[in-house]
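Me: I'm new to this structure and don't want the whole tour. Please pick a single part, look at it closely, and tell me how it ties in with the rest.

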Amino acid sequence: MKKLTIILSVIGLLLMSMPMNASAAATKQVYNSTVRYYGTLTVMESEGWEDKPGGGKFITQVAYVTETVGGYVYLDIVQTTNTKIDKILPSASFELISNEDTATGKRVLLKAKGNVSGKTELLTLTADIVDPSLRECKISYSPLGVSCITLEDKSGNTIYLDKNGNSITKEQYTEVCEGGTPTDPDVPDTPNTGNPIPYIAVGGGLVALAGVYFYSRKSNKMYKI
């Protein structure tokens with residue numbers, strides 16, 4: 001009987017704790033729509049504001065996409081209302097290549113570690129609430145294209161992407177995206193001489209002039225005789 005009482009007590013405690021855990025992990029969908037480039041963009045947000053250890057409030061958002069361009073996802077994340085972005089962490093399926101500050105928030109480039117063929121977690125974002133007395137907050141996501149762009153990664157290296165979002169070299173980027181052919185800096189460029197016909201005409205004129213000169217001299221000698 002004692003053992004049965006203990007078992008029932010343990011079960012009761014587990015049942016009591018389950019709603020608390022579910023409440024702590026509760027989320028709400030704040031965005032779900034088809035966007036340009038990346039299929040369906042879905043954003044889930046923590047239900048209610050969370051307390052910061054040092055005081056203040058924050059929210060957590062998790063973003064998902066269904067497609068990439070060349071394996072990349074490029075986004076502007078905007079602090080629209082009463083928010084200040086704190087951290088952006090890539091999911092296990094992506095790596096964060098670039099994370100730039102902008103006047104309105106962050107601009108991030110992420111690259112998939114494998115193929116993306118369905119709803120895939122992209123990133124987790126935390127943002128501080130600027131004024132907790134205001135009962136509203138909002139963060140917006142704006143998809144960006146990756147066709148023919150250059151940017152620096154977190155290590156300061158320049159990344160070059162072609163028209164299809166594939167990573168290429170600087171020389172390839174110049175040829176494909178800027179419409180030019182890279183030149184070797186150690187070899188001087190061949191001057192643009194234009195149409196060769198004027199040079200042929202000039203050469204022919206010189207030959208004709210020389211013929212007239214020699215003919216004149218010969219005529220003078222014959223006249224003197």
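**A close look at one loop**

Reply: Happy to. To get your bearings, the protein has 3 helices and 13 strands. What you're looking at is a predicted model, so read everything below as computed from that model. The protein has 225 residues, and 28% of them count as buried. Take the contacts between residues at least 6 apart in sequence: 59% of them join residues at least 24 apart.

The part I'd pick is the loop between β10 and β11, where you'll find both V146 and C148. Let's take these two residues in turn, then step back into the strand β10.

Start with V146. Is it buried or exposed? With a relative accessible area of just 2%, V146 is buried, because anything under 20% counts that way. What does it touch, once you set aside its neighbours within four places in sequence? V146 is in contact with Y38, V69, Y72, Y74, L109, L161, D162 and G165. L161 is worth picking out of that list: it sits 15 residues from V146 along the chain, and the two C-alpha atoms are 6.8 Å apart. V146 also belongs to the largest nonpolar core, which has 36 residues. Within that core, V146 is one of the six that touch the most other members, along with Y38, I77, L123, L125 and Y141.

Now for C148. Its phi is near 55°, a positive value in a residue other than glycine. N82 makes a handy comparison: its phi is also positive, about 55°, and it isn't a glycine either. N82 is in another loop, the one between β5 (72–81) and β6 (83–90), and at 13% relative accessibility it is buried.

Which residue is C148 joined to? The partner is C177, through a disulfide with an S to S distance of 2.1 Å. A disulfide is a covalent bond between the sulfur atoms of two cysteines. The count for this model is 1 disulfide. The link of C148 and C177 is left-handed, with -80° about the S-S bond. It connects distant parts of the chain, 29 residues apart: C148 is in our loop, while C177 is in helix α2 (residues 170–177). At a relative accessible area of 23%, C177 is partly exposed, since that value lies between the 20% and 50% limits.

Finally, step back into β10 (138–144). This strand takes us to the largest pocket, whose volume is about 180 Å³. Which element gives the most to the lining of that pocket? That would be β10, with 4 residues. β1 (27–35) and β2 (39–46) also give two or more each. Here is the lining in full: V30, Y31, L41, V43, E45, Q61, C137, K138, I139, S140 and Y141. By type, these are 7 nonpolar, 2 polar and 2 charged.

Y141 is the one to remember here. It lines the largest pocket, and it is also among the core residues that touch the most other members. Leaving out its neighbours within four places in sequence, Y141 is in contact with L41, V43, Q61, A63, L75, D76, I77, L123 and L125. Three of the names in that list, L41, V43 and Q61, are pocket-lining residues too.

Conventions. Residues numbered from 1 in each chain as written. Predicted model: local features only at pLDDT ≥ 70, side-chain atom pairs only at ≥ 80, totals over all residues. Heavy atoms only, no water. 1 Å grid on protein atoms, 1.4 Å probe; cavity = no way out; pocket = protein on both sides within 12 Å on 5 of 7 lines; lining within 4 Å. Points joined across faces, edges and corners; volume = space filled by probe spheres on them. Nonpolar A, V, L, I, M, F, W, Y, C, P; charged D, E, K, R; others polar. Disulfide = S-S within 2.5 Å. Buried < 20%, exposed > 50% of the residue type's maximum accessible area, 1.4 Å probe, protein only. Core = buried A, V, L, I, M, F, W, Y, C linked by side-chain atoms within 4.5 Å. Contact = heavy atoms within 4.5 Å.
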